[in-house]
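Q: I'd like a close look at one part of this structure, and then a walk outward from there. Please take it slowly and keep it informal.

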Amino acid sequence: MNSSLIGFPRVGKLRELKFASEKYFRKEISTEELEQVAKGLREMHWNLQQDAGISHIPSNDFSYYDNVLDLTVLLNALPESYKQLGLSERDTYFAAARGYQGEAGDVKALAMKKWFNTNYHYLVPELFDDSEIKLAGDKPFDEYEEAKQIGVLTKPVIIGGFTFLKLAKCKGSKTINDFAEDVANAYIAILDRFNEQGVEWVQFDEPSLVTDLTQADVALFTALYEKVLAHKGNVKVLLQTYFGDIRDSYEEVVGLDFDGIGLDFLEGKQTLALLERHGFPADKTLFAGVVNGKNIWKSDYKKVIALVNGLEKFSQDIVISTSCSLLHVPYTLENETSLAPDVSRYFAFAKEKLQEIKELTELIGASGYENKESYLANQQVFSAERVYEDKHVQASVASLTERDFVRNVPRTKRRAIQKEKLQLGLLPTTTIGSFPQTKEVKQNRSKYRKGDITKAEYDENIKGFIKDCIELQEELGLDVLVHGESERNDMVEFFGENLAGYIFTEKAWVQSYGTRCVKPPIIFGDIRRENPITVFYSEYAQSLSDKPVKGMLTGPVTILNWSFPREDISLKEMAFQIGLAIREEVLDLEEAGIKIIQIDEAALKEKLPIRREEWNSEYLDWAIPSFRLCHSGVRPETQVHTHMCYSEFEEIVTDIDNMDADVISFEASRSKLTIIDALKANRFETEVGPGVYDIHSPRVPSVEEMVAVLKNALTKIDEENLWINPDCGLKTRGIKETRESLANLVAAAQIIKDAV
Ligand code: GLN
Ligand code: ZN
């Protein structure tokens, strides 16, 4: 049985590419030195795959920053504003990726967006009326040649023209259809080059096929590939899809002249049904995505073999593959030194998945495979009793009833009670939670982690930071205070560390965008809160002020979405377990005298299904209740806040309102407050704090500009319902700019308060 890989992680075993790139940005190494690091990584990854016997090894899956940006460059679609800087090719590329401010000019980066339902982010291509799409680069050809030089014949991988057009933003009067012809011609030119090189297979990634498509979309796709495939010459073309099934276009896709079609059998809920209904053409190779490219658990060989065996009635020509690029999993388990063997034996990161594919290709179709060593070893893992079971938690979730998800006093009634109790007056000012993570704050945590200071010393230092933070806020005149979150490095990791059932890794980094990597914790067993997590800090902070200090928690959906989930129970089950743990914390905070509790759901939208018909049934129907579960037990006078990082929730405004929080703050300054219209149209009940300035930039906003934002907001939001706050936490900012920005915010608020 042959095997294929869709893509391999590119930042390196120990994030070598990240560190080299950052040195390059700081001008500490030359372009050549950076390129040397990149070359070394590519070679290593190809060799690894070659050693694992992978038949279709990808090339051009490497990227210095983002592979959508690579394609934008390859298609000559990089906006003029970047080219006009007159920088080197590499620096022009980085200017588009990161923005540029210097002697050559001042340009913002391209917009960044979430890559389908992952935590990877791509740079959005922009098409202007005068954009001239054509083949304008050598990267895929050079990388094929480079691999060939070391004896590895690869399958070049390029994002397809349809997905490129679907992701692109048209900036002028033209629409994507106006560019389709040129895009087709560029791909024909790409195939010409691959023909000259004698490439055997090329992979066009078309993940946009798994999204909801209109007939016009399908027509665009079909027309594009009819043209392109007519010129494929001797190169075999693999159409690769992932992150779902291609229910809207399956019949058209199999009717086109592709040589191979890659389908996702794990996330593609209807993939099997599509094969059942329409069959699979005998003249094409079926690339079957059966090894999970997104999660870190070992494959259950019994299940995979049964799945592949079941496919043989549709195709005699099957290649097994990962369900998507391995970009979304960490590099290797070998970097983990502190995982217990009864924990780590369940995991397979990217490198270990290569081994799985190797073993699976040997087992599938082999007679007596059930007695082979690799099979027996794998099955032993799956037959073993799972550790970290918690019958008590399971029973608590099982016994939840409707009432556990409902606050017993409705929001409109609570409002009056809270106004009376909190006495905040109109238009209260507040912040989102974290204050600048200064060198001292970070050192305190790292010293404690290394054992250089005791827990008592650590806590004394935290108290010092909290005291400073409260004093600063009092001095600035903010109305609702926060403790500053100096005990947290990360809003999910901090809670994970304090919940039983979580596992932490040392080096299991996954690229989020460019040089930014995240290290998601792993939900390993049933989740339970063992001890109060934040009460000590919140109680202390509140003791320092007569103003309300918000208790600060992360919500269950965000904790779940930023972790690697289990595969043996449902997301809903996990969300409810976490919800119960946070609920205990909420009740303890209330008991300790905390009057306002904020439960952040920064990543609420992250796992919203790609298919609209599944939004509710597969996600919102449990995600929203899991949030309500956290706070339904508090008294009516306790005010519950939530925070969302992006305001792009126009389409689920009603669901957000149904979280039944009393107040929500969100990022809105970059999206020009367009969300507010949707709030008004949907009679949004929750009080709102649309962020009045962008904390992602060190720039200090002026009083006037914030007054303008607030005036605008007040034309659409009732003054009784409006809060005044920055658009996210301040942890990445410096103290100086934070002080100045917040002083201006309070001044702007005062001007508005005096006017209403
Ligand atoms: N309370 C968190 C903070 O202020 C929220 C962070 C976030 O939304 N990403 O840092
Ligand atoms: Zn935020």
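Which residues of H19 are buried?

A: One thing up front: this is a predicted model. The buried residues of H19 are Asn461, Ile462, Phe465, Ile466, Cys469, Ile470 and Gln473. Look at how those numbers step along the chain, and keep the usual helix geometry in mind. An α-helix has 3.6 residues a turn, so residues three or four places apart point the same way.

As for its dimensions, H19 has 22 residues and covers 31 Å from its first C-alpha to its last, close to the 32 Å expected at 1.5 Å a residue. The cover over its buried residues includes helix H18 (439-450) and helix H21 (535-543). Right after the helix comes Gly477, with a positive phi near 85 degrees.

If you carry on along the chain, you get to Glu485, in the loop between helix H19 (455-476) and helix H20 (493-497). Glu485 also has a positive phi, near 60 degrees, and this residue is not a glycine. Is it buried or exposed? Glu485 has 24 C-beta neighbours inside 10 Å, so it counts as buried. The cut-off used here is 20 or more.

H19 turns up again when you look at helix H28 (residues 735-755). What covers the buried residues of H28 includes H19 and helix H27 (703-714). H28 itself has 21 residues and reaches 30 Å between its first and last C-alpha, close to the 30 Å expected. Its buried residues are Thr738, Ser741, Leu742, Asn744, Leu745, Ala748, Ala749 and Ile752. They sit on the same side of H28, because they cover an arc of only 160 degrees around the axis. Turn to the face pointing away from that buried side and you find Lys736 and Asp754, both exposed.

Now for another helix to set beside these. Helix H2 (residues 31-51) has 21 residues and reaches 30 Å from end to end, C-alpha to C-alpha, close to the 30 Å expected. Its buried residues are Ala38, Leu41, Arg42, His45, Trp46 and Gln49. Why do they end up on the same side of H2? Because they span an arc of only 130 degrees around the axis. Over on the other side of H2, Glu32 and Asp51 are exposed. The cover on the buried residues of H2 is a mix of helices and strands, including helix H1 (16-25), strand S2 (57-59), helix H6 (139-149), strand S8 (154-159) and helix H14 (350-363). As with H19, a glycine with positive phi follows: for H2 it is Gly53, near 75 degrees.

Strand S8 leads on to some strand pairing. S8 and S10 pair in the parallel sense over 3 bridges, and Ile159 stands opposite Asp205 in S10. S10 (residues 201-205) is mostly covered, with 5 of its 5 residues buried. In a regular strand the side chains alternate between the two faces of the sheet. In S10, Trp201, Gln203 and Asp205 point one way, while Val202 and Phe204 point the other way. S10 also pairs with strand S11 (residues 236-240), again in the parallel sense, over 5 bridges. There, Trp201 stands opposite Lys236.

H6, which also helps cover H2, has a loop ahead of it worth a stop. Leu135 lies in that loop, between strand S7 (126-127) and H6. With 19 C-beta neighbours inside 10 Å, Leu135 counts as partly exposed. Beyond its neighbours within four places in sequence, Leu135 is in contact with Leu74, Ala186, Ala189 and Ile190. Leu135 and Asp182 are 47 residues apart in sequence, but their C-alpha atoms are 9.5 Å apart in space.

Leu74 belongs to helix H3 (67-74), and the loop between H3 and helix H4 (80-83) holds Asn76. Like Glu485, which has a positive phi, Asn76 is a non-glycine with a positive phi, in its case about 65 degrees. Asn76 has 16 C-beta neighbours inside 10 Å, so it counts as partly exposed.

Last stop, the ligand. Ligand 1 has 13 residues around it, and the closest are Ile432, Gly433, Ser434, Ala602 and Gly729. Sorted by class, that shell has 6 nonpolar, 4 polar and 3 charged residues.

Note on methods: Residues numbered from 1 in each chain as written. Chains lettered and ligands numbered in written order. Predicted model: local features only at pLDDT ≥ 70, side-chain atom pairs only at ≥ 80, totals over all residues. Helix = DSSP H or I, 4+ residues; strand = E, 2+ residues; numbered from the N terminus. Expected span 1.5 Å × (residues − 1). Buried ≥ 20, exposed ≤ 12 C-beta atoms within 10 Å, placed from the backbone. Arc of directions from axis to C-beta. Contact = placed C-beta atoms within 7 Å. Near = placed C-beta within 6 Å. Nonpolar A, V, L, I, M, F, W, Y, C, P; charged D, E, K, R; others polar. Pairing = 2+ DSSP bridges.
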